[in-house]
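This report goes through the chains of one model, then their interfaces, and then a few local features. Please keep the sequence and the coordinates open while reading.

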Amino acid sequence: MNSSLPSLIVLLPFFGAGVMGFMYLFVPTGRDLRRFYVAVGIGAPLLAALLGLIVVGEMLTLPDSASIASPLYSWIAIGSFEIDVAFVVDQLSAVMLLVVTLIGSLIHIYAVGYMWDDQGFGKFFAYFNFFLGAMLLLILADNPILLFIGWELVGLASYLLIGFYHHDTANITAANKAFLLNRVGDFGFVSGLGLLFVLQNQSGFDFVAIFSGLGGIDATMLSLVGLLLFVGAMGKSAQIPLYVWLPDAMAGPTPVSALIHAATMVTAGVYMVARFSPLYNRIPDVGLFIAGIGAASALLAALFASWQNDIKKILAYSTMSQLGYMFIAVGLGEYSNGIFHLAAHAFFKALLFMGAGAVIIALHHEQDIFKMGGLGSRLPAVRRTMLVATLAITGIPIFAGFFSKDAILAYAFASGHTTIWAVGVVVAFLTAYYMFRLYFVVFVAPSQQSSQSSPLVPLPRSMVWPLFVLAAGSLFLGFWNLPEAYGGGTWFSHELHLADHEAHLRFAEEYVLDGFNVLVALLGIAMAYRKFVRPAHPLNPPVHRLAWQSALANTLYIDTLYDRLIVRPLRGLSDLQDRLIDPKIIDGSLRGLVALYRGVAAQSARLQNGNLRWYALTFLLAVSGISLYLLIAIGGAS
Amino acid sequence: MSVVLTWIVFLPMLFAGVLGLFRVRHTVLRAGAMLSALLVLVLTLLAAMQFDPQAEGMQFVRHLPWIFQYGITYYLGLDALSLVILLVIALLMPLLYLYMWDNSTSGYWYNMLLLQTGVTGAVLALDMVLFYLFYETMLLPIFIMIGRYGHDWNHAHAMKILLFTVLGSMAMLFAILYLGYAHYNFYGNWSFAWHDLAKLPLDPQTATWLAAGFLLAFAIKIPLLGFHTWMASAYASAPTPALVILSAIMAKLGIYGLWRFGYGIFAHILHLYEPILLTLSLVGMLYYAIHAITQNDLRKMFAYSSGSHLSLIALGVVLANLYTWSGSLYLIATHALASAGIFLMIGLIHQRTNTVQIDALGGIASVAPRFTFFFTFFALSIVGVPGTGGFVAELLIIIGAFSIHPWLGVATATTMLAAMLFVFWMLQRTLFGAPAPSVTTFADLSRRETVMLAPLVLLLLITGIAPSLFAPIFTPQIQEMLLQFIHAAGGAS
Amino acid sequence: MTVNPDAYFAVATLLFSLGILGVISRRNLLVIYLSIELMLNAVNLILATFSRLHPDEGGTMIALFMIGVIAAEASLFLAVIVQIYRKKHTLDSDAFTELAQGKKL
């Protein structure tokens, strides 16, 4: 079925971004356009969300696994490289569409309050809408090229928004890092796409055509394609080894962290793998590799998160860790669970970031959790919603995270990948620990001097009520995919129509596994409680005495390592070219030629010594030579 | 209609002659120059509209005897390849005049007028002697502009670019003359028309040497790796309009020459040079990008950036399939637009702060948001962000490379990484951070400057968002050229 | 009287060689001048000889003409030598190297 609505959904935010950007740049400063910006900046995502609901509603009325296509125009057609700008709403993109537009709208509303006093209010919303448009482009694209365009544009929006406070060079460095590492991933991604295009020998490069032609492709090459595409996901979704940009990306305004670096953009990698599920189903080895990377990233990030003091960085590592879960899921072939965890994570992680943002604003831009403390009574609404989100991410029953995460772990166990399962359980323990560490230190533990001394900044209403909506989501979303063991029917997974692998557990096994997970989570909470609520001594920022402690707190010096291994050698090489190769070797060899020419000239100039008799002699010799030659030549002729 | 090309070529020169004859005042001079540029633009657009993409061979051909004793002819013609470059030239000139609007040095204006005739003639000439003539003609105004009106070591740098390029063109001239003579030897009459020379049954060894002459000229002009040491210094010294022409047009003429004459005349032996050209362009692409990282002079940095992109274009030409050739042609146009934009804006920085050294700049974003937007936009176009034309071109070249060999594809895809190595760090130190002392009074873009840059932005966006508007103009003829090339290359081997 | 022309050639060659030797080896400008005259006269002799060998008076004509030219030239040459001597008070030819590469005039 065709409809123009999906196109409209994508174009609306772009249009909003264009209008706001134009106004911001060309309307003389001094006029307060904030109401206009609010109208356009919130209008576009809300309208997109509304249209999204309509489209998804329409789609659900269609017969099974039908999709709504929305061709716009032909982007390019050269040879067999025919790419259309066309959008498609199928079950998978519908989920993403709803998550992105709904949570996006909420965060836009939240950002009105958060950014109200910022000079660049209009610019912020232009960027924000631009991001939303790019993200929707990525999700609704009906071919990988268009997906890649959205993929790159969300990276660009992320760059612009991380560096939003551009007075501070550190923020720009963080933005650069994000873009560069993303581009390294994109290099892999575009290589994968190029290879895939060449391998499939039929016209048409949209997803349907690609997947129908996969059978004729050599498995080794297909694995290479899968790997290269996943390199893109490593960059975008902050997995080992391209993850180092994510914690730094927290330099952006908090709504940015909530929307881009928690709920939507970073999950694009997971979405991509799910989108390419027919391809990845053919190459289970690559899938296992993806799951391995996911597990390793989850563990590493959880370790880092346990040692951070910056509230946003804790959440950033936590995001990376949760993304690791999602990659475990999609890597092992249970795409629906991965997507479900993505959706649930979008709710509770956005909520966590927005709560953290509220705390940060209330405390005059303080981000160190050890300078907070005791905020529970002073910010009750934030505390309550944060608690819901923390319980959700920890995986306490009935909260969304319980169902989504335990489904992943249960499947990993059931399919026999016990190592990955064990890592997942350890991560679950660490998650419970570091999340409650954050919660206890910020809200429960006795307050610190610095947070008490100054009065809190009052929070605008637009920053508070979106928290409750998200909290409701974090609370109830899990029932959408209630497993059969609990009397549900995993409706979500069934609706998604993805090519999941099947692995069944008996209900009893599932109860045991889930109970074990809950136990582990409670253990983590208890440990955090012991350390931070009932400490033996007054709460101080942790001091790292042991080498491994400070190494973890410094995230294992990975940044330094990258700097030494890549950045510095490149600069050194550049310097070498500038100082040695170009001037000395290339120009030098040219100069050698010039010197040779000059030498010959100088030598021959010495013949001209002004001495008459010398001239006469050379003259004589020359004439004699010529005469001799003539004599011999003529003599020879006759 | 066949005289339209003659008008397009010689109108600026005619204006220069008339204006110079009456020694007009600055205000008249600039109005005249602008008028000529706009007239040329209109004529070019007319020609573009009449252009038939489906037709084979040259259109609007003007072929008249000139020095008939030696078969030298006045021979102009237009096909998709030259049309693209012609459009770029015609579009850029009015913008450059807008940039120079308040510059009252009259020599500047006359040189620009002559320069336009030189570059347009070189793109349209199909007689090799005529081509050589224009190819040298365009060098002269550049030499004068760098030497006379340039900055920082301008005399030495003007001399360097002159010596390098003349060395190359001398080799080419020799090859051209030999080809004409060979034509006389084979057929009993002289001819320098390129399609005649393409048909000469040369023995491989001679052809190899002659091709070397051509390739040397174009390798220096592009410049390929190893022939490039004139580039950074000339770019650093050139006044902005000359710089834009250098990067956006003249360098492209090196590619054009390689493409039309290198591949047109020497198709059958070019495979001998293919490994060299491939290596030079592939390595050059990364070499220049890495070289740009530590440059402190914005002009030099983007000189190397230009070099990197030109290497990519050359790579696309060398790989020779439909995707890479389409991509290269597309990149010729879009890189011209983006680099024109960036160099014009560097010129604006120079006007405002009197420096283009990165360490003396910083924090422009705090004082000039419009400037920041445009500058960032052009920088991102150079990186090849989707939505700008450069992305389309790079994608096509990458895909074309993959269809030859996967590893070649991966190597070509590193272009994704090339430009970003230096661009973002440059943006950080130029635009962001706390405002440097030099930019505290930095004025935002004026209306004239906005009008000057807006067409470039719009075109880059349109070429990026809807390449299907442009691709049908050149793909049929690219396909045709490719078939001819493959036929000629296959016929000999 | 018929003399073998080879004798004339031998004498002329001898004279010419003497002249060259003088130009190259002697340093006195006057002696160099004398040597030049010797060479000229050697050529004259050859011209005259050939003129007799082939019945063609053209050679004799040129020889006679040259004697006149040489006389005129001698006066010029001597005048130049006098001028040179006034300048440096020497007639050593090696002292006059102003036209050498790199010397300032």
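The text below treats overall chain dimensions, then contacts between chains, and then single residues.

The model is predicted: local features need pLDDT of at least 70, side-chain atom pairs count only at pLDDT 80 or more, and totals for chains, interfaces and linings use all residues. Residues are numbered from 1 along each chain as its sequence is written, while chains are lettered from A and ligands numbered from 1 in the order in which they are written.

**Chains B and C**

Chain B has 22 helices and two strands, where helices (H or I, at least four residues) and strands (E, at least two) are DSSP runs numbered from the N terminus. Chain C, in turn, has three helices and zero strands, and its pattern along the sequence is α-α-α. The table sets the extents of the two chains side by side; the radius of gyration is taken over C-alpha atoms, and the globule rule is 2.2 Å times the number of residues to the power 0.38.

| Chain | Radius of gyration | Compact globule | Span along principal axes |
|---|---|---|---|
| Chain B | 22 Å | near 23 Å | roughly 70 × 60 × 45 Å |
| Chain C | 17 Å | near 13 Å | about 55 × 25 × 25 Å |

For chain B, with 493 residues, the radius of gyration of 22 Å agrees with the value near 23 Å for a compact globule; for the 105 residues of chain C the globule value would be near 13 Å, but the chain has 17 Å. A residue is called buried if 20 or more other C-beta atoms lie within 10 Å of its own, exposed if 12 or fewer, and partly exposed in between, with C-beta atoms placed from the backbone. By this count, buried residues make up 61% of chain B and 15% of chain C. Two residues are in contact if their C-beta atoms, placed from the backbone, lie within 7 Å. Among contacts with a sequence separation of 6 or more, residues 24 or more positions apart account for 80% in chain B, and in chain C, for residues at least 6 apart, 43% join residues at least 24 apart.

**Contacts between chains**

Of the two pairs of chains that touch, chains A and B have the most contacts. There, 44 residues of chain B are in contact with 42 residues of chain A. Helix 17 (residues 389–404) of chain B gives the most to the side of chain B that touches chain A, with six residues. That side divides into 29 nonpolar, 14 polar and one charged residue, given that Ala, Val, Leu, Ile, Met, Phe, Trp, Tyr, Cys and Pro count as nonpolar, Asp, Glu, Lys and Arg as charged, and the others, Gly among them, as polar.

Eleven residues of chain A are in contact with twelve residues of chain C. Helix 25 (residues 612–637) of chain A gives the most to the side of chain A that touches chain C, with five residues, and this side consists of five nonpolar, four polar and two charged residues. No contact joins chain B and chain C, whose closest C-alpha atoms lie 25 Å apart.

**Local features**

S403(B) is found in helix 17 of chain B and counts as buried because it has 23 C-beta neighbours inside 10 Å. Neighbours within four places in sequence aside, S403(B) is in contact with V198(A), N321(B) and Y323(B).

A320(B) lies in the loop between helix 13 (298–319) and helix 14 (322–353) of chain B. Its phi is near 50°, a positive value in a residue other than glycine, and A320(B) is buried, with 22 other C-beta atoms within 10 Å. H89(C), in the segment after helix 3 (58–88) of chain C, has a phi near 55°, likewise a positive value in a residue other than glycine, but H89(C) is exposed, with 8 other C-beta atoms within 10 Å.

Two cis peptide bonds deserve a look. The bond from I240(A) to P241(A) is cis, with omega near 5°, and P241(A) lies in the loop between helix 8 (219–236) and helix 9 (245–248) of chain A. The bond from I222(B) to P223(B) is cis, with omega near -15°, and P223(B) is placed in the loop between helix 9 (204–221) and helix 10 (229–237) of chain B.
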